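Student: Could you take me on a close look at one part of this chain, and show me how that part ties in with the rest? I would enjoy one connected account.

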Amino acid sequence: MAVRGGIPICFPQFGNRGILEQHGFARNRMWIIDENPPPLHPNDSKGKSFVDLLFTPSEEDLKRWNHSFEFRLRVALDFDGYLTMISRVRNINCKPFSFSIAYHTYFSISDISEVRVEGLETLDYLDNLQQKERFTEQGDALTFESEIDRVYLSSEDVIAVLDHEKKQTFVIRKEGLPDVVVWNPWEKKSRAIADLGDEEYKQMLCVDGAAIENPINLKPGEEWTGRLELSVVAST
Ligand SMILES: O=P(O)(O)OC[C@H]1O[C@@H](O)[C@H](O)[C@@H](O)[C@@H]1O
């Protein structure tokens, strides 16, 4: 089962890079509201509407991935339309563990042929369509003419998804998330995905802030923080 839209959290595994189900279990679990989370910086609350969520592994999860953790997620929206998602993962066990994470962000776009992505030029990437082999991107912004499923490595922290037809640009700002996944299933794979209409690939593009190539290591008691901020600006 997958969540086909919004921003599913892939954790503690990305894709099939591990022993767990595709993209890990966090996206298919119930998170609870965290009434009293450890404080964040005051700027993360000021002028924002937000909710704090908490996910801890069930007995069943622990049988398959034997690491106790607390995953806190703040989802905040401010008056200017900035959406911020702050993840805090704490190791509450007595042994270290490592994990991967991706904010699997589905952007709604006018038409895949009208969109380009800036910020990934000249980077190395792992191509999931070619056994995760490593390639280097050319100097141009990314445009789309066929299926794409890549993990771009160690990018700058600002990526832009420009939509010519809608005359708008999604701006992705990320911290603690060095990698960027770009995914569009295109026509053939869309037909095989039960919860995606045959033509819906044209109106979607996933661009995820992620930490995949180098998993994050947490010693007992340590906490990792990652943040993703999305905004939409008018463009020509
Ligand atoms: O169908 P799922 O599990 O939501 O995954 C969708 C896609 O997610 C992408 O992030 C992966 O790179 C693709 O390989 C995968 O097909």
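Tutor: What follows is a walk through the loop between strand 1 and strand 2, and then outward to the parts around that loop.

Gladly, and one reminder before we start: this is a predicted model.

Let's begin with the backbone. The loop between strand 1 and strand 2 holds Pro12, and the peptide bond that leads from Phe11 into Pro12 is cis, its omega near 0°. Further along, His23 sits in the loop between strand 1 and strand 2 as well. His23 is not a glycine, yet its phi is positive, at about 65°. Is His23 buried or exposed? With a relative accessibility of 6%, His23 counts as buried, because the cut-off for that word is under 20%.

For another positive phi, look at Lys132, again not a glycine, with a value of about 60°. Lys132 lies in the loop between strand 9 (124-127) and strand 10 (133-136). Its relative accessible area is 34%, which makes Lys132 partly exposed.

Back to our loop, where Arg27 deserves a pause. This residue is placed between strand 1 (9-10) and strand 2 (32-33). Arg27 is buried and yet has no salt bridge. Which side chain of opposite charge is nearest to Arg27? That is Glu21, 6.9 Å away. A salt bridge needs a nitrogen of Lys or Arg within 4 Å of a carboxyl oxygen, so Glu21 at 6.9 Å does not provide one for Arg27. What the side chain of Arg27 does reach is the backbone oxygen of Gln22, at 3.4 Å. Glu21, for its part, belongs to a network of salt bridges in which it is linked with Arg29, Asp61 and Arg64.

Now return to Pro12 and ask what packs against it. One partner is Ser100, which lies in strand 6 (residues 97-103). Leaving aside neighbours within four places in sequence, Ser100 is in contact with Cys10, Phe11, Pro12, Gln13 and Phe14, and also with Ala211, Ile212 and Pro215. Ser100 is itself buried, at 9% relative accessibility.

Phe11, on the other side of that cis bond, leads us to the rings. Phe11 is a member of one aromatic cluster, together with Phe25, Trp31, Phe55, Trp65, Phe69, Phe71, Phe97, Phe99 and Trp224. The whole model has 19 aromatic pairs. Take the pair of Trp65 and Phe97: the ring centres are 5.2 Å apart and the planes stand at 65°, so the pair is edge-to-face. This pair joins distant parts of the chain, with Trp65 in the loop between helix 1 (59-64) and strand 4 (69-78) and Phe97 in strand 6, 32 residues apart. Trp65 and Phe97 are both buried.

Phe71 is another member of that cluster, and this residue takes us into the nonpolar interior. Beyond its neighbours within four places in sequence, Phe71 is in contact with Ile9, Phe11, Trp31, Leu53, Leu54, Phe55, Ser87, Arg88, Val89 and Ile101. The largest nonpolar core has 47 residues, and those touching the most other members are Phe71, Phe99, Ile101, Phe144 and Leu205. Strand 15 (residues 204-218) gives the largest share of this core, five residues. A second, separate core has nine residues, including Cys10, Leu126, Leu153 and Ile212. Two of the names there, Cys10 and Ile212, should be familiar as contacts of Ser100.

Last, the charged pairs. The model has 20 salt bridges. In one of them, the side chains of Arg227 and Asp44 meet at 3.0 Å, N to O. Arg227 is in strand 16 (residues 223-234) and Asp44 in the loop between strand 2 and strand 3 (48-55), so this bridge links parts of the chain that lie 183 residues apart. Asp44 has a relative accessible area of 8%, which means that it is buried.

Compare a bridge within helix 1: Lys63 and Glu60 meet at 3.3 Å, N to O. Because they are three residues apart in the helix, about one helical turn separates them. Lys63 counts as exposed, at 65% relative accessibility. Another bridge joins Glu118 and Arg116 at 2.7 Å, N to O. Both ends are partly exposed, Glu118 at 28% and Arg116 at 24%.

Notes: Residues numbered from 1 in each chain as written. Predicted model: local features only at pLDDT ≥ 70, side-chain atom pairs only at ≥ 80, totals over all residues. Heavy atoms only, no water. Helix = DSSP H or I, 4+ residues; strand = E, 2+ residues; numbered from the N terminus. Buried < 20%, exposed > 50% of the residue type's maximum accessible area, 1.4 Å probe, protein only. Contact = heavy atoms within 4.5 Å. Lys, Arg positive; Asp, Glu negative; His and termini not counted. Polar contact = N/O pair within 3.5 Å; in protein donor to acceptor, adjacent residues only side chain to side chain. Core = buried A, V, L, I, M, F, W, Y, C linked by side-chain atoms within 4.5 Å. Phe/Tyr/Trp six-rings, centres within 6.5 Å; stacked < 30°, edge-to-face > 60°.
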